[in-house]
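Hi,

Here's the structure I promised to pass on to you. Have a look at it first, and then read my notes underneath.

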Amino acid sequence: MPEHTFILNGSPVTVDVDDDVRLLWVIRDVLGLTGAKYGCGINVCKACTSHVNGKAFNPCSVRVADIAETDEVTTIEGLADTVDADLHPMQEAWLEHDVAQCGYCQPGQIMAAVAKVRAARAEGREITDADLDEIRNVCRCGTYSRIREAIKAGAQAM
């Protein structure tokens, strides 16, 4: 089997898997990080949202062969390390706003929110309601109003 090397949560990793294996399965089953959740497997529900080179992406729809050795993949497990803290400000906002009910989608929601805030800031502005409307992560419990409030609070603390 071919070897694939990339950076995961700040550390280089090498896995020995077929090229066509989806990155989500590499992260969850081979490397044992289960924060990114499997929901649909077709890039619709966004439960697996993680970051590649700082941007939101869905590893359920990306082959491990499509990830370069220099690509930096961040999952919810590594998010706090990006700010050198126990929790990322967005994770703290999630707790303060009591967002989670079942919690299944929350890692993907948080990762999407952080990427959206970073993208807005890269454009020299703060996140808006229109930006929040663009986040397409599905929450089966329907905690969208608390999610939106937590994103706004987390953005202020970032």
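Asp 98, just after helix 3, takes a positive phi of about 50 degrees. Before going on, you should know that this is a predicted model, where local features need pLDDT of at least 70 and side-chain atom pairs count only at pLDDT 80 or more, while totals for chains, interfaces and linings use all residues. Residues are numbered from 1 along each chain as its sequence is written, and side-chain values use heavy atoms, with hydrogens and water left out.

Helix 3 itself covers residues 89-96. (Helices are DSSP runs of H or I with at least four residues, strands are runs of E with at least two, and both are numbered from the N terminus.) Which of its residues are buried? They are Pro 89, Met 90, Gln 91, Ala 93 and Trp 94. "Buried" here means under 20% relative accessible area, "exposed" means over 50%, and "partly exposed" is in between, using a 1.4 Å probe and protein chains only. The cover over those buried residues includes helix 2 (76-79), helix 4 (106-122) and helix 6 (144-157). Contact means heavy atoms within 4.5 Å.

Now for the sheet. Five strands make an open sheet with mixed pairing, in the order 2-1-5-3-4. Strand 2 and strand 4 (55-57) are the edge strands, as each pairs on one side only. From one strand to the next, the twist averages 40 degrees. Two strands count as paired if DSSP finds at least two bridges between them. For angles, axes are lines fitted to C-alpha atoms (for helices, over the stretch in contact), and the angles run from 0 to 180 degrees between N-to-C directions.

Strand 1 is a good place to start looking. It pairs with strand 2 (residues 11-16) in the antiparallel sense, over six bridges. The two form a hairpin with two residues between them, and Asn 9 in the turn has a positive phi of about 50 degrees. Try finding His 4, which stands opposite Val 15 in strand 2. Ile 7 has Pro 12 as its bridge partner in strand 2, and Ile 7 also stands opposite Glu 72 in strand 5. Strand 1 and strand 5 (residues 72-74) run parallel and are joined by two bridges.

Which side chains of strand 1 point to the buried face? His 4, Phe 6 and Leu 8 do, whereas Glu 3, Thr 5 and Ile 7 point to the other face and are not buried. That fits a general rule: in a regular strand the side chains alternate between the two faces of the sheet.

At the other end of the strand order, strand 3 and strand 4 run antiparallel, joined by three bridges. There, His 51 stands opposite Ala 56 in strand 4. Helix 4 lies across strand 3, strand 4 and strand 5, and runs at about 45 degrees to strand 3.

On the surface, Trp 25, Tyr 38 and Tyr 104 form a nonpolar patch with about 270 Å² of accessible area together. Patches are made of residues with over 30% relative accessible area and no salt bridge, with like charges joined within 9 Å and nonpolar side chains (Val, Leu, Ile, Met, Phe, Trp, Tyr) within 5 Å. The areas come from the Shrake-Rupley method with a 1.4 Å probe, and for residues only the protein chains shown count as cover. You'll find Tyr 38 in the loop between helix 1 (23-30) and strand 3 (50-52). Tyr 38 is partly exposed, with a relative accessible area of 35%.

Last topic: charges. How many salt bridges does a search of the whole structure find? The search finds 10, each being a side-chain nitrogen of Lys or Arg within 4 Å of a carboxyl oxygen of Asp or Glu. Here are three to look up:

- Arg 63 with Asp 66, at 3.2 Å from N to O; Arg 63 is partly exposed at 27%, and so is Asp 66 at 46%.
- Arg 121 with Glu 126, at 3.1 Å from N to O; Arg 121 has a relative accessible area of 30%.
- Asp 129 with Lys 152, at 3.1 Å from N to O; this pair links distant parts of the chain, helix 5 (residues 129-134) and helix 6, 23 residues apart.

Salt bridges that share partners also join Asp 129, Asp 133, Arg 148, Glu 149 and Lys 152 into one network.

Cheers
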